[in-house]
Amino acid sequence: MNQKRSIFLLSTLAFGIAFLYIPMVLLIFYSFNKSKIVPIWGGFSTKWYVELFKSPEVWDALTLSLKIATVNACFATILGTLAGLALVRFGRFRGRTLFSGMISAPLVMPEVITGLSLLLLFIWLQSAIGWPSERGFSTITIAHITFSMAYVAVIIQSRLAGMAQDLEEAAQDLGAKPLRVLTDITLPLLAPGMLAGWLLSFTLSLDDLIIASFVTGPGATTLPILIYSRIRLGLRPDINALATIIILVVAIGVLVAGYIMLRQQKQRALDMQMTAEETP
Amino acid sequence: MAEALDYTDRPWLDPEAEPFIKVQSVSKHFGDFTAVDSVDLDIYKGELFCLLGGSGCGKSTLLRMLAGFETPSSGTILIDGQNMNDVPPYERPVNMMFQSYALFPHMTVWNNVAYGLRRDKVPKSEIQQRVDEMISMVELDQFAKRKPHQLSGGQKQRVALARALVKQPKVLLLDEPLGALDKRLREQTQYELMNIQEQLGVTFIVVTHDQEEAMTLSTRIAVMDTGRFQQIGTPTEIYEFPNSRVVANFIGNANMFEGRIIENGPDHVIVESNDPKCEFFVDHGMSIQEGTKVWVALRPEKVRISKESPANSSANTIRGMVHDIGYLGGTSTYRVQVDGDHMIEITSPNMMRPRDASPPIDWDEEVYLSWDASSSVVLTK
Ligand SMILES: Nc1ncnc2c1ncn2[C@@H]1O[C@H](COP(=O)(O)OP(=O)(O)OP(=O)(O)O)[C@@H](O)[C@H]1O
Ligand SMILES: [Mg+2]
């Protein structure tokens, strides 16, 4: 009985993992394919990686994507935090319900609609005030901020709701003016949430294809746009190489984050133990 | 010639003393709900004042209005003669110790305690000295570098106390300060609190729903019920002379009898109760109509229990049968069934070992209960 169940569990696990990882393994495998035609194995080679690094197009797209992702993450974190604070801490102000509904709208809005409406906005602005004169870095960044900010606001909101308000009251009681309370108590306690929001915004921006294609102009190609446009002409081994590098970077990021969290947990457990031992 | 009275320990009796905190017909509404209902309260410098009452009666709300976290819906609060209505929490001369301690989790114990002084721009060397002193007063020297999550409940509570006290506030508000502690630590800390209060002369307002704690700690107690004060007085006054059934039942135990005034003399009243049938002779006069419906409260420890009929009168005596005996070590509790199925509770000290007492009182034995004319309290509401 027990034996049977463990076999069943094991095969489910194996199937699940295979389902998740076979596509990626295939991708990595074919990135080392010597042959130019993807499904045919022509021997091991790293020439696609070399080619990739020699291609200025790829470098440009990568730098643009990273620039947009970084600027987006910073602005989205600041604005999203402010919005989250306003929603949770400043009580019942006029239009609070409307505001809170509106802030989460981008989360459920189809990306095509968001992209289209932003494109309309930029075109309208251009004819009205002459800005933006051309679409590219700034328009994509602004577009990304609008939806990343919504995610940050939601994260911050949930963290604030879990954070007892009496800490802020205690700080006020000890003589801290509201701004001091924000910088001394609220923000430090929100820092993990803000970091999570930053990372989320960064990745959201890095892998957005749809909205970016709507609001970009002729001069600006982000990495996802580049990959997509090349793939449309057929599978290509150099794109496989690019994707493999991205997978590697993400994997390292996840491992580092996991390691840091694990170490914090261990430290906490150690602290607790120490306390338990010292108190009679 | 009138004797010069010493009011130092009882400033509320001094007609000339000016209250340090004046709460004047303060109400607080949350929507339709009235949490605090037009209360008046005078608290004098150096008092250790307890707010006592059941859950949800508005104690925390009143305290939060004193600290400035809630604005009164109506009425005024004066502290040291200054109207507090428009003064924000960070400018009030009060500090609060929170029910949850509210220690800053990202700061060490030392920095938690120093926080208030830093906000007041106290010079660095003075901060160092005052924080160190305060931390050794609450005996936390070896924990100064710890973060709050590395402390036990009792240690956290002492940090919270130190953090509130180090600013030397004129008033310290404590919301159920000892709620999370076990009995031994609780008693020790009660003692510490009283010591600190005497040393520093701070005015304490303590919220609690533990009546024993209130009796031990306070100079005066206010018993609160559904947003109003039922009675304000010293622990003795509240215990010995409760002014209503609510107070009598809330503070300690009381046997309650419903009856009617049948005789009203200048120095005594007689109350007749029908269920159980019994007459109470009370040795103080009352300005009350004969025939009025009243209640008589009788504390369990003020009733004598014996197997022989008391020699004197028939009033203040009742016969019954022992239904239950609870041995509590220092005292024993008897539940005696009188006149039908009415139960009266009696506690009596075990001066001798129960076996050696002569004659021992046992289950289902017939006994006589009696009390003094000054023991019972007549209540009109
Ligand atoms: N912000 C609020 N909004 C609505 N109702 C509130 C609010 N704060 C308190 N109340 C209500 O006011 C009443 C009094 O609350 P309060 O916290 O003062 O009770 P308490 O006497 O401190 O009780 P406890 O002993 O349980 O702490 C309660 O019925 C509570 O539900
Ligand atoms: Mg409370």
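**B:S218 and the interface of chains A and B**

B:S218 counts as buried, because its relative accessibility of 10% falls under the 20% cut-off. The model is predicted. B:S218 sits in a loop of chain B, between α6 (211-217) and β9 (220-225). A polar atom of the B:S218 side chain lies 2.5 Å from the backbone oxygen of B:A214. Beyond its neighbours within four places in sequence, B:S218 is in contact with B:L48, B:C50 and B:P235.

The interface between the two chains was examined next. Chain B contributes 30 residues to the contact, and chain A contributes 24 residues. About 2,300 Å² is buried between chain B and chain A. Carbon and sulfur atoms give 58% of that area. On the side of chain B, the residues that lose the most area to chain A are B:Y90, B:R119 and B:H149. Together they make up 27% of what that side buries.

Polar pairing across the interface was also computed. Two salt bridges are found between chain B and chain A. One salt bridge joins the side chains of A:D184 and B:R119, with an N to O distance of 3.0 Å. Eight residue pairs are in polar contact across the interface, both residues of each pair being at pLDDT 80 or more.

Four elements of chain B, namely α1 (59-67), β6 (94-97), α2 (109-119) and α4 (153-165), give two or more residues to the side that touches chain A. By class, that side of chain B has 15 nonpolar, eight polar and seven charged residues.

Note on methods
Residues numbered from 1 in each chain as written. Chains lettered and ligands numbered in written order. Predicted model: local features only at pLDDT ≥ 70, side-chain atom pairs only at ≥ 80, totals over all residues. Heavy atoms only, no water. Buried < 20%, exposed > 50% of the residue type's maximum accessible area, 1.4 Å probe, protein only. Polar contact = N/O pair within 3.5 Å; in protein donor to acceptor, adjacent residues only side chain to side chain. Contact = heavy atoms within 4.5 Å. Buried area = accessible area lost by both parts, 1.4 Å probe. Salt bridge = Lys/Arg side-chain N within 4 Å of Asp/Glu carboxyl O. Nonpolar A, V, L, I, M, F, W, Y, C, P; charged D, E, K, R; others polar.
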